[in-house]
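Work through these exercises with the structure in view. Try each task before reading its solution.

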Amino acid sequence: MNTPAANTLQTGLRHNWTTDEIGSLFSLPFSDLVSHAQQVHRIHFNPNQVQVSTLLSIKTGRCPEDCGYCPQSVRYDTGLENEELLPLEKVVEQARAAKAKGSSRFCMGAAWRAPRDRDLEPVIEMVKEVKALGLETCLTLGMLSEVQTERLKAAGLDYYNHNLDTSPDFYGEIITTRTYQDRLDTLQRVRAAGINVCCGGIVGMGEARADRIGLLQQLANQPQHPESVPINLLVKVEGTPLADSEDLDPIEFVRTIAVARILMPGSFVRLSAGREAMSDEMQALCFLAGANSVFYGEKLLTTPNPAADHDRLLFERLGIEAV
Ligand code: SAM
Ligand code: DTB
Ligand code: SF4
């Protein structure tokens with residue numbers, strides 16, 4: 001197969017990226033990489049528009065899984081206040097507020113390994129009511145069975161978020177209670193049910209560049225690219241095993257965004273968790289490198305996110321329109 005040089009502008013969708021090709025993109029001079037990513041971005045998107053989603057934790061804490069980054073695992077003492085499933089009215093109230101502040105999508109997350117069938121009934125009601133407000137809906141509930149994906153599709157769910165988190169090689173260092181294949185299986189079921197896929201990962205967990213390459217390769221070589229690709233910078237939470245991870249070089253983070261944009265030209269690349277620890281200038285570089293979605297609102301699931309007023313001002317300074 002003819003593999004184009006890393007600095008040749010590629011605009012089509014591919015699903016056969018090799019680690020060498022992705023590594024060559026990562027190694028480009030920074031200006032070449034960002035310029036390449038920005039050119040690809042402009043072919044598929046308006047570069048001055050950023051999609052905004054708001055998150056709500058609908059069930060918080062006491063999760064049986066051992067994800068080393070997560071404040072919600074029952075195994076780590078993070079001082080988190082646990083909460084049972086929120087009542088429908090509370091969720092709808094929060095969704096209404098998110099819409100009023102300009103969000104177009106409302107993402108509801110639950111600290112489950114996998115929902116039981118009976119957990120799904122109240123969540124389906126939430127999807128229907130949030131959708132009725134004119135918002136796009138997204139859920140992240142853990143692993144799903146085929147029947148569950150079909151029920152969620154029938155309820156009108158627009159997106160399901162389920163992350164691969166890192167490369168297959170590094171994965172075992174971070175999570176032992178579910179396999180990489182379990183994640184791929186859930187993603188395949190979500191896809192088969194006709195729900196849009198939101199799938200990405202976390203960087204800054206002490207992984208090597210080879211693992212960032214491995215993660216992006218997994219995402220880009222899916223039969224269909226995820227419509228939405230959240231790139232999270234680890235939020236270090238006291239009490240979790242990853243609390244003392246070394247900071248990732250911000251330039252390497254921007255490179256990761258740029259490579260994601262080049263590999264998945266038609267996907268929304270979300271500058272996801274971790275913005276609270278980023279300067280405005282770093283976020284501007286991420287938008288230049290092709291990020292075109294963020295979480296908006298003071299809280300992610302359990303950790304802080306930049307204040308909406310600050311984001312509004314940043315968008316204004318950059319001439320970005322929230323969509
Ligand atoms: N429990 C479900 C699951 O894990 O599939 C859904 C909720 S879980 C909190 C959603 C995603 O949030 C995780 O897959 C992970 O990528 C991200 N996440 C959790 N804690 C994080 C942290 N401290 N920093 C960055 N991302 C985090
Ligand atoms: C995703 O990739 N990031 C969001 C969303 N999908 C569900 C979650 C980030 C969670 C950050 C840690 C917390 O607030 O608990
Ligand atoms: Fe549980 Fe999800 Fe946190 Fe893992 S990331 S511990 S599955 S809530």
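**Exercise 1. Find what holds ligand 2.**

Task: Which atom of Thr 303 lies 2.8 Å from an oxygen atom of ligand 2?

Solution. Start at Thr 303. A polar side-chain atom of Thr 303 lies 2.8 Å from an oxygen atom of ligand 2. That is a polar contact (a pair of N or O atoms within 3.5 Å; within protein, one must be able to donate a hydrogen and the other to accept it, and residues adjacent in sequence count only if both atoms are side-chain atoms). Next, take Thr 302. One of its polar side-chain atoms is 2.7 Å from an oxygen atom of ligand 2. Then take Leu 301. Here a backbone N or O atom lies 3.0 Å from an oxygen atom of the ligand. Now check the cover. On its own, ligand 2 has 410 Å² of accessible area, and the protein covers 88% of it. Such areas come from the Shrake-Rupley method with a 1.4 Å probe; for residues, only the protein chains shown count as cover.

Before going on, note the ground rules. This is a predicted model: local features need pLDDT of at least 70, side-chain atom pairs count only at pLDDT 80 or more, and totals for chains, interfaces and linings use all residues. Residues are numbered from 1 along each chain as its sequence is written, chains are lettered from A and ligands numbered from 1 in the order in which they are written, and side-chain values use heavy atoms, with hydrogens and water left out.

**Exercise 2. Describe the shell of ligand 2.**

Task: How many residues surround ligand 2?

Solution. Count residues with a heavy atom within 4 Å of the ligand. There are 13, and among the closest are Asn 163 and Asn 232. Sort them by class. The shell has 6 nonpolar, 7 polar and no charged residues. The classes are: Ala, Val, Leu, Ile, Met, Phe, Trp, Tyr, Cys and Pro nonpolar; Asp, Glu, Lys and Arg charged; the others, Gly among them, polar.

**Exercise 3. Do the same for ligand 1.**

Task: Which residues are closest to ligand 1?

Solution. The shell holds 16 residues, the closest being Tyr 69, Thr 140, Asn 163, Asp 165 and Val 235. By class, they split into 9 nonpolar, 5 polar and 2 charged. Look at the contacts in turn. A polar side-chain atom of Asn 163 lies 2.9 Å from an oxygen atom of ligand 1. A backbone N or O atom of Tyr 69 is 3.0 Å from a nitrogen atom of the ligand. For Ala 110, a backbone N or O atom lies 3.2 Å from a ligand nitrogen atom. Last, the area: ligand 1 alone exposes 560 Å², and the protein buries 90% of that.

**Exercise 4. Check two backbone angles.**

Task: Where do Arg 62 and Asp 165 lie?

Solution. Arg 62 is in the loop between S1 and helix H3 (88–100). Its phi is near 55 degrees, a positive value in a residue other than glycine. Asp 165 is in the loop between strand S4 (159–161) and helix H6 (168–174). Its phi is also positive, about 70 degrees, although Asp 165 is not a glycine. Most residues other than glycine have a negative phi. Helices (H or I, at least four residues) and strands (E, at least two) are DSSP runs, numbered from the N terminus.
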